[in-house]
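Please open the structure in your viewer and keep the selection tool at hand. We will go stop by stop, picking a piece and looking at what surrounds it.

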Amino acid sequence: MGESADEHWMRHAFGLADRAEREFDEIPVGAVLVDAEGRILGEGWNRNILDHDPTAHAEIVAMREAGRELGNHRLVGSTLYVTLEPCAMCAMALVHARVARVVYGASDPKTGACGSVFDLIADPRHNHRVEITGGVLGDEAGRRLTNYFRAKRGRPLV
């Protein structure tokens, strides 16, 4: 059976996450934003340390790039693929940007805001609905993050 579009784009996001870790020693989270036709609008990885910017999460970096590409702060009809469930900051930015869909890999049991710890995106008071699909290649996504943190703490990799 062939790879789904969601799996394809999640693997693309994995590549961005790998780059964050390999080139910049950032927490390996990657994100890619695509339009309804499957064209890349923006991509990013965590850049908090590199940019000295607490808001430079992979999702925000990808949305900023897409906004510049489109010449618009609204990213209507787009889908964001991200290796880790978005936090509250990123979840609200996705709502404000009018992203149509978010697909994430691993759930975040500490700060996840798309259903794990919080469910900010589903709040009915928002004037925009974002469709959420979680767990796409989730085991692999989670394993990558676990390995990163274990290596940082000097523990053997799984």
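How many residues lie between S1 and S2 in the hairpin they form? Select both strands and the turn: there are 5 residues between them. Gly38 sits in that turn, with a positive phi of about 85°. Please keep in mind throughout that this is a predicted model.

**Stop 1: strand S1 and its partners**

Stay with the hairpin and show the backbone. S1 (30–34) and S2 (40–45) pair in the antiparallel sense, over 5 bridges. To find one matching pair, click Val34 and look across to Ile40 in S2, which stands opposite.

Now add S3 (79–84) to the selection. S1 and S3 run antiparallel and are joined by 4 bridges. Val34 is again a handy marker, since Thr79 in S3 stands opposite this residue.

Turn on the side chains of S1. In a regular strand, side chains alternate between the two faces of the sheet. Here, Gly30, Val32 and Val34 belong to one side, with Ala31 and Leu33 on the other. Are these two faces covered or open? Both are covered, with every one of those residues buried. In total, 5 of the 5 residues of S1 are buried.

**Stop 2: on to strand S4**

Next, select S4 (101–106). S4 pairs with S3 in the parallel sense, through 5 bridges. For a landmark, pick Val82 and then its bridge partner in S4, Tyr104. Why is S4 described as largely enclosed by the rest of the structure? The reason is that 6 of its 6 residues are buried.

Just before leaving this strand, click Arg98 in the loop between H4 and S4. Arg98 has a phi near 65°, a positive value in a residue other than glycine. With a relative accessibility of 17%, Arg98 counts as buried, because the cut-off for buried is under 20%.

**Stop 3: the nonpolar core**

Which residues have the most contacts inside the largest nonpolar core? Select Leu80 and Val99: they hold that place in a core of 42 residues. Elements that give two or more residues to this core include helix H1 (5–24), helix H3 (58–70) and helix H4 (88–96), along with strands S1, S2, S3 and S4. The largest share, 6 residues, comes from H1.

Centre the view on Leu80 and display what surrounds this residue. Setting aside neighbours within four places in sequence, Leu80 is in contact with Ala31, Val32 and Leu33, and also with Glu59, Ala62 and Leu94. Val99, Arg101, Val102 and Val103 complete the list.

**Stop 4: two residues in the loop between H1 and S1**

Move to the loop between H1 and S1, where you will find Asp25 and Glu26. Asp25 has a positive phi of about 55° although it is not a glycine. This residue is partly exposed, with a relative accessible area of 40%.

Is Glu26 buried or exposed? Glu26 is buried, at 2% relative accessible area. Show its surroundings: apart from residues up to four places away in sequence, Glu26 touches Ala20, Glu21, Asn46, Arg47, Asn48, Ile49, Leu50 and Tyr148. If you would like to try the distance tool, the C-alpha atoms of Glu26 and Val61 are separated by 14 Å, with the two residues 35 apart along the chain.

**Stop 5: Leu70 in H3**

Select Leu70, in helix H3. Leu70 is partly exposed, with a relative accessible area of 42%. Leaving out neighbours within four places in sequence, Leu70 is in contact with Leu41 and Leu75. Between the C-alpha atoms of Leu70 and Asn46 you should find 22 Å; these residues are 24 apart along the chain.

**Stop 6: the largest pocket**

Finish by switching on a surface. Which residues lie nearest the centre of the largest pocket? Select Ile27, Leu84, Asp108, Leu145 and Phe149, which are among the 22 residues lining this pocket. Its volume is about 600 Å³.

Then colour the lining by class: 9 residues are nonpolar, 7 polar and 6 charged. Helix H5 (residues 138–152) provides the largest share of the lining, with 5 residues.

Conventions. Residues numbered from 1 in each chain as written. Predicted model: local features only at pLDDT ≥ 70, side-chain atom pairs only at ≥ 80, totals over all residues. Heavy atoms only, no water. 1 Å grid on protein atoms, 1.4 Å probe; cavity = no way out; pocket = protein on both sides within 12 Å on 5 of 7 lines; lining within 4 Å. Points joined across faces, edges and corners; volume = space filled by probe spheres on them. Nonpolar A, V, L, I, M, F, W, Y, C, P; charged D, E, K, R; others polar. Core = buried A, V, L, I, M, F, W, Y, C linked by side-chain atoms within 4.5 Å. Buried < 20%, exposed > 50% of the residue type's maximum accessible area, 1.4 Å probe, protein only. Contact = heavy atoms within 4.5 Å. Pairing = 2+ DSSP bridges.
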